[in-house]
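This report describes selected features of one protein model. Please consult the sequence and the structure shown below while reading.

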Amino acid sequence: MESKVVNETEKTHQDTVALSPVEVFSPPLDKYTFGSTIQNISESDLAIFQGLPLSDFLQQRTGLFLRQYGSGMLSALTMRGTSAGHNAVFWNGLPINSPSLGQSDFSIFPVGGFDNASIHFGSGGALYGTDAIGGAVHLTNKLKFGEGHQVRIGSVFGSFGRWNQQVEYSFSDKKFSARTRIYRNFSENDFLFRNITKMGTPIERQSHARLEQTGAMQDLAWSINPKNLISTSVWWNETNREIQPLMGSNTIDFQSDRNLRWVLDYFHFGKNKVWNLKSGLVRDDQLFNNSFNQTIQYFLAGDLDWEISNKWNSKSGLRITEIQGNLSTYQAKESRVELYQSTNFRPSERLGFSVNLRQLVFEGNLAPFTPSVGGEWKVWRNESHQIHFTSNLARSFKVPTLNDRFWVPGGNPELQSEKSWSAESGINYLFKKENFELSQKITVYRMKVDNWIIWLPKGNVWSPENIREVHNSGLEYGLEANQKAGEWDLHMKVNYAMTRAINQTDISENDRSKGNQLPYTPLHKFQSIIMVGKGTFSTFLNYQLVGERFSGTDGSGRLDPYQLWDLGGNCNWSIRNLNGSLGFQINNLFNTDYQVMPLRAMPGRNFQLNLNVRI
């Protein structure tokens, strides 16, 4: 995912530059993803979640499910029934999953640390590389030219000692754009909960769950001339947490995460061509109690995006990654090289195809060759109605993590890459008439994941093996409706996901896991939001339903389903040269007692006040 210069007359997929640049941004992910499902999350969608972790937004406002180990604690995303390590995560085009753990903790991504997010549902290995078996999440920063000086100040005050602050200053003219952001997020996290491990299930106050997060971000862009652009971003983030103990436990653990991310892009805009050279650094330091782990990733990549004709587009590229791991029990280095090729073919306005190819080599080992092919067919279109079909077939893979191969004791350097095949088909319907608009999409998919790595006991030592096969299938439905009635604006959005992730392998003679749903994977997840606005005021009612989950691989350990309601409102205001907004939110409106993961307490009804000022 790369940046480019956008002009006043430029269309979404145009690659040439004709006028002075106005905005620097990352182009839509759907350029080479015909047949795939992409959900774009705008800056306005994220506004009320400023200072809160991205995990809260994804859990409350999408059909995705995250395994949250308490409020503000580790949050692991699952997509289409895969594991937390089967989702690729990118920041401004850099893959930022931990190479030692193979996943990302979404609780330490503050919403204020980026401008937009995009979610690619389903296999994306041919587009993004390792880890993208279940999907991919892209976080991007957005810079603009020609806006002069701007200052933004934001604060969030909430229950349980929550106090989040963010200050932003930006300056831009026709050639140069700069922005600086500094934030601090704090919560005592001392909410009340029902302790089900004690007789009589008394109400207790959560202790040892405080969290504090600080960070800074610097974005720069320089339009050298209409054909050349340089942009760079640096993001420093530090999160210190008291790890919330299990109900009934008196453990006292502490974790500190320090993350440094830097990216530099150079773009050359030629006739029907865009050259991009990218370099970057991702450093993750984690201190858990007295155990220190560090990984560093260095990136160098280049690609050519070429509009061959009005029917053909092509992108060819190379990415080189150097990894250093300094873990508490081992040290390791790894080099990765990957080649990729993407091609679009549009034989007509109503028909489009994408073909993507990727080959990754790590330390002389070939990862599975990864192709994908997708198509889109606009079956029917008139002034009021549009119907189009989508379909996609893709292969994906996951390189074994450093911990899987080198952890002492138990690491297995002979592990093979996990691999998958998936297929999906969808139908999209759009209706427009005067002041009303309705869009719906339904997608069905099937996936097979083989060589799934799990850790098994071997005497007194646990060691990973390529032993599990999982078949995933499901259905995803989305609806969005907008109605304008006089001065009133009404908006409704619905997401539903039915997910089956069935284990196909018994790992021992006494194992009963074959034929059962994977642990902590809900069969049903439903979310809806209704928003009503008039003039400068708007209000919303949000609802989510999470179905039952099982904690055991054999279908035992049932976790009850739960329903949550959230209510909020926002008012924009202007006083002379000051502009801003004031919002409120009531989370868990009916004070529901629930658990996302076993014996991990979650907060009841809580309140939040948002104040934003723009100068």
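## Backbone features

A residue is called buried when its relative accessible area is under 20%, and partly exposed when the value lies between that limit and 50%. The model discussed here is a predicted one. Arg80 has a relative accessible area of 6%, and therefore counts as buried. This residue is found in the loop between strand E5 (75-78) and strand E6. Its phi is near 55°, a positive value in a residue other than glycine.

Thr201 also belongs to a loop, the one between strand E14 (192-194) and strand E15 (203-205). Phi of Thr201 is positive as well, near 40°. With 26% relative accessibility, Thr201 is partly exposed. Elsewhere, Val408 and Pro409 are joined by a cis peptide bond, with omega about 0°. Pro409 is placed in the loop between helix H4 (402-406) and strand E27 (418-433).

## Nonpolar cores

The largest nonpolar core contains 33 residues, and Leu54, Leu58, Phe106 and Leu139 touch the most other members. Helix H2 and the strands E6 (87-91), E8 (116-121) and E9 (135-140) each supply at least two residues of this core. Another core, of 10 residues, lies apart from it and includes Tyr520 and Met602.

Beyond its neighbours within four places in sequence, Leu139 is in contact with several residues, including Leu54, Phe90 and Trp91.

## Cavities

The structure holds 6 cavities of 30 Å³ or more. The largest has a volume of about 580 Å³. Its lining comprises 38 residues, with Asp56, Gln60, Ser71, Arg162 and Pro603 nearest the centre. Of the lining residues, 14 are nonpolar, 20 polar and 4 charged. Helix H2 (54-61) is one of the elements that supply at least two of them.

Notes
Residues are numbered from 1 along each chain as its sequence is written. This is a predicted model: local features need pLDDT of at least 70, side-chain atom pairs count only at pLDDT 80 or more; totals for chains, interfaces and linings use all residues. Side-chain values use heavy atoms; hydrogens and water are left out. On a 1 Å grid over the protein atoms alone, a cavity is a set of points where a 1.4 Å probe fits but cannot get out, and a pocket is an open set with protein on both sides within 12 Å along at least five of seven lines; lining residues have an atom within 4 Å of a point. Grid points are joined across faces, edges and corners, and a volume is the space filled by probe spheres set on the points. Helices (H or I, at least four residues) and strands (E, at least two) are DSSP runs, numbered from the N terminus. Ala, Val, Leu, Ile, Met, Phe, Trp, Tyr, Cys and Pro count as nonpolar, Asp, Glu, Lys and Arg as charged, and the others, Gly among them, as polar. A nonpolar core is a set of buried Ala, Val, Leu, Ile, Met, Phe, Trp, Tyr and Cys residues joined through side-chain atoms within 4.5 Å. Buried means under 20% relative accessible area, exposed over 50%, partly exposed in between (1.4 Å probe, protein chains only). Contact means heavy atoms within 4.5 Å.
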